[in-house]
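Visitor: I should like to go through this structure with you, one region at a time. Please give the reasoning behind each answer.

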Amino acid sequence: MTLSQFQPYLSPEEYLETEKSSPIKHEYIQGQIYAMAEASDAHVTITANLVALLRNHIRGTGCRLYVADMKARIESLDIFYYPDIMVTCDSRDTQFEYFKRYPSLIIEVLSPSTEALDRGDKFSDYQELDTLQEYVLVSQNRQRIDCFRRNSEGRWVLYSYRGNQQLELTSVSFYCPLTDVYEDVAFPTNLSK
């Protein structure tokens, strides 16, 4: 994510309106817009695998799954992000056409240029969403998924999944082998373990 060329302050309403016709996606942080980076083959493949697995799983539950083009709004911080995958099970989200405010699950596929942001500021920002139960970070360099799950005290607990383990997403009662998430992904040879 890089700051777009100098822009004056944009209101959330101006951002939403200009984003509708923009040829590239931008995330919005307190009046500034940041261009989104392109995704690699591994990134797109992992995202597609997760979408296929999760969409079939939540079908008929009242939950909705959104991919890459739907914004998550963190109103308390004046931020809009584009998560790779977002699931909302809150009927209040049906009233918003271009963003969602009440997700229960957010998944980000990590890349070298976004990993620090996804693990740091973005995770901190997403914690402002009271409905968010799980924040999931998926490596594209090895079979590793870090799932941060909000416990009953409101604290975030890390659950790491590696190798041939089974991924568990309690927010949507979902289980699958990590090998399904990484199907057809070619890992760099020096980082595959």
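**A guided reading of the model**

Guide: Arg-119 counts as partly exposed, at 31% relative accessibility. Please bear in mind throughout that this is a predicted model.

Visitor: With which residue do the side chains of Arg-119 meet in a salt bridge?
Guide: The partner lies with Arg-119 in helix α3 (residues 115-119), four residues apart, about one turn of the helix. The partner is also partly exposed, with a relative accessible area of 32%. The N to O distance of the salt bridge is 3.0 Å, and the partner is Glu-115.

Visitor: How many salt bridges does a search of the whole structure find?
Guide: The pair of Arg-119 and Glu-115 is a salt bridge within helix α3. A search of the whole structure finds a total of twelve.

Visitor: Which residue forms a salt bridge with Glu-108?
Guide: Glu-108 belongs to strand β9, and the pair links distant parts of the chain, its other member being in helix α4 (residues 121-126), 14 residues apart. The closest N and O atoms are 3.8 Å apart, and the partner is Lys-122.

Visitor: Is Glu-108 buried or exposed?
Guide: Residues under 20% relative accessible area are classed as buried. Glu-108 has a relative accessible area of 3%, so the class is buried.

Visitor: Is Lys-122 buried or exposed?
Guide: The same cut-off of under 20% for buried residues applies here. Lys-122 has a relative accessible area of 4%, and therefore Lys-122 is buried.

Visitor: Which residues do salt bridges that share partners join into one network?
Guide: Lys-122 forms a salt bridge with Glu-108, and Lys-122 also forms one with Asp-118, where the closest N and O atoms are 3.7 Å apart. Asp-118 is buried, with a relative accessible area of 2%. The network joined through shared partners consists of Glu-27, Glu-108, Asp-118 and Lys-122.

Visitor: What is the length of the polar contact that joins the side chains of Glu-108 and Tyr-126?
Guide: Tyr-126 is among the residues that Glu-108 touches, as are Asp-118, Lys-122 and Tyr-135. The polar contact between the side chains of Glu-108 and Tyr-126 is 3.2 Å.

Visitor: Which element gives the most to the largest nonpolar core?
Guide: The largest nonpolar core has 27 residues, and those with the most contacts inside it include Leu-54, Ile-107 and Val-138. Elements that give two or more residues to this core include α2 (41-58), β9 (103-109), β10 (134-138) and β11 (144-150). With six residues, the element that gives the most is α2.

Visitor: How many residues has the other core, which lies apart from the largest one?
Guide: Leu-54, a residue of the largest core, touches Leu-65, Ile-85, Leu-105, Ile-107, Leu-169, Val-172 and Phe-174, leaving aside residues up to four places away in sequence. Apart from that core lies another, with Ile-29, Tyr-66, Ile-79 and Leu-129 among its members, and its size is 18 residues.

Visitor: Why are the buried residues of α1 on the same side of the helix?
Guide: The buried residues of helix α1 (residues 12-21) are Pro-12, Tyr-15, Leu-16 and Glu-19. They lie on the same side of α1 because they cover an arc around the axis of only 95°.

Visitor: Which exposed residues does the face of α1 turned away from its buried side carry?
Guide: The cover over the buried residues of α1 includes β2 (26-29), β3 (32-35), β5 (71-74), β6 (79-81) and β8 (99-100). On the face turned away from the buried side, the exposed residues are Glu-13 and Ser-21.

Visitor: What is the phi of Asp-78?
Guide: Asp-78 lies in the loop between β5 and β6, and the residues that it touches include Tyr-9, Pro-12 and Tyr-28. The C-alpha atoms of Asp-78 and Tyr-28 are separated by 7.9 Å, although these residues are 50 residues apart along the chain. Asp-78 is not a glycine, yet its phi is positive, about 60°.

Visitor: Where does UniProt place the feature "domain: Putative restriction endonuclease"?
Guide: The end C-alpha atoms of the span concerned lie 32 Å apart, and the span is 25% helix and 35% strand. According to the unreviewed UniProt entry, the feature is at residues 12-170.

Note on methods. Residues are numbered from 1 along each chain as its sequence is written. This is a predicted model: local features need pLDDT of at least 70, side-chain atom pairs count only at pLDDT 80 or more; totals for chains, interfaces and linings use all residues. Side-chain values use heavy atoms; hydrogens and water are left out. A nonpolar core is a set of buried Ala, Val, Leu, Ile, Met, Phe, Trp, Tyr and Cys residues joined through side-chain atoms within 4.5 Å. Buried means under 20% relative accessible area, exposed over 50%, partly exposed in between (1.4 Å probe, protein chains only). Contact means heavy atoms within 4.5 Å. UniProt positions are given in the numbering used here, feature names are shortened, and annotations may be inferred rather than shown by experiment. A polar contact is a pair of N or O atoms within 3.5 Å; within protein, one must be able to donate a hydrogen and the other to accept it, and residues adjacent in sequence count only if both atoms are side-chain atoms. The arc is that of the directions from the helix axis to the C-beta atoms. A salt bridge is a side-chain nitrogen of Lys or Arg within 4 Å of a carboxyl oxygen of Asp or Glu.
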